[in-house]
Amino acid sequence: MAMEARRLFRLDNEVLAFRYTATVSDRAAAEPLERLSDPGRLELWLQAVGLGVPGVSPAELEDALALREAIYRAGLAVAAAQRPDLGDAMILNRAAAAGRPKLGLDNGLAVWHLGKKAPVTDALGVLAADAIQVLGGSDRGRIKACEGPGCAGLFLDTSRGTNRRWCSMNTCGNRVKKARLADK
């Protein structure tokens, strides 16, 4: 499962909510790549990030995709020093309030415990709460959109000079540098 998830998804973003928005690749391209194409794929991604659920319904996938896109649009707004759209904020607030996950310490690690009645709702609540914290928190001025060709992925710039340009040096940054070398 872990190897399959690494092959299917980008899991390198330090912000969980932005890692979730990266389940669409090449957002700036004419045809972005949707990686959560069915409920099983969402279940696999949730397991890969420590929010394992026993099953995802088509309706839950629809809710999850709506949340993901609200997080992304709100993130772009914050990156542009604007306020998120009221509708997107409502989606995030509703998802955060609907979830009832409990954070626990297991074997020295912080772990989310999801309820048995609505585990997907709880998992989406974790994602929404993470997004709210980063989008509305003290580091919101460090949120950026990747400048890599076709990417537009969100990231939190934690560099000392706040001059980071790519969501990941290993992917987008490396592509840009390789392209520069090829042009010489």
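## Elements of the chain

Helices and strands are here DSSP runs, a helix having at least four residues and a strand at least two, with numbering from the N terminus. Under this definition, Ala152 falls in the loop between β5 (143-145) and β6 (154-156). The structure is a predicted model.

The chain contains 7 helices and 6 strands. Read from the N terminus, the order of these elements is α-α-β-β-α-α-α-β-β-α-β-β-α.

## Confidence of the prediction

The mean pLDDT of the chain is 89, and 90% of the residues score at least 70. Confidence is highest in helix α4 (residues 58-79), where the mean is 98. It is lowest in helix α7 (residues 169-183), with a mean of 66.

## Overall form and surface

A compact globule of 184 residues would be expected to have a radius of gyration near 16 Å, and the 17 Å of the chain agrees with this. The C-alpha trace spans about 60 × 40 × 35 Å along its principal axes.

Of the 184 residues, 38% are buried. Among contacts with a separation of 6 or more, 54% are made by residues 24 or more positions apart. The accessible surface of the chain is about 10400 Å², and carbon and sulfur atoms contribute 53% of that area. The chain carries 26 positive and 21 negative charges, and the mean positions of the two groups are 6 Å apart.

## Two residues with positive phi

Which phi value does Ala152 have, although it is not a glycine? The angle is positive, at about 65°. Ala152, in the loop between β5 and β6, counts as buried because its relative accessibility is 17%, and the cut-off for a buried residue is under 20%.

Thr162 is another residue other than glycine with a positive phi, in this case near 45°. Its place is the loop between β6 and α7. Thr162 has a relative accessible area of 35% and is therefore partly exposed.

## His113 in strand β4

His113 belongs to strand β4, which covers residues 109-113. Its relative accessible area is 35%, so His113 is partly exposed.

Along the chain, His113 and Lys102 are 11 residues apart, while their C-alpha atoms are separated by 5.1 Å. Lys102 is also one of the residues that His113 touches when those up to four places away in sequence are not counted; the others are Pro101, Gly104 and Asp106.

## Val53 between α3 and α4

Val53 is located in the loop between α3 (39-48) and α4. Is this residue buried or exposed? Val53 counts as buried because its relative accessibility is 4%.

With neighbours within four places in sequence left aside, Val53 is in contact with Glu43, Leu46 and Gln47, and also with Leu114, Pro119, Val120 and Ala123. Of these partners, Ala123 lies 70 residues from Val53 along the chain, and the two C-alpha atoms are separated by 8.0 Å.

Terms used:
Residues are numbered from 1 along each chain as its sequence is written. This is a predicted model: local features need pLDDT of at least 70, side-chain atom pairs count only at pLDDT 80 or more; totals for chains, interfaces and linings use all residues. Side-chain values use heavy atoms; hydrogens and water are left out. pLDDT is the predictor's confidence in each residue, from 0 to 100. The radius of gyration is taken over C-alpha atoms; the globule rule is 2.2 Å times the number of residues to the power 0.38. Buried means under 20% relative accessible area, exposed over 50%, partly exposed in between (1.4 Å probe, protein chains only). Contact means heavy atoms within 4.5 Å. Accessible areas come from the Shrake-Rupley method with a 1.4 Å probe; for residues, only the protein chains shown count as cover. Lys and Arg count as positive and Asp and Glu as negative; His and the chain ends are not counted. The place of a charge is taken as NZ of Lys, CZ of Arg, CG of Asp or CD of Glu.
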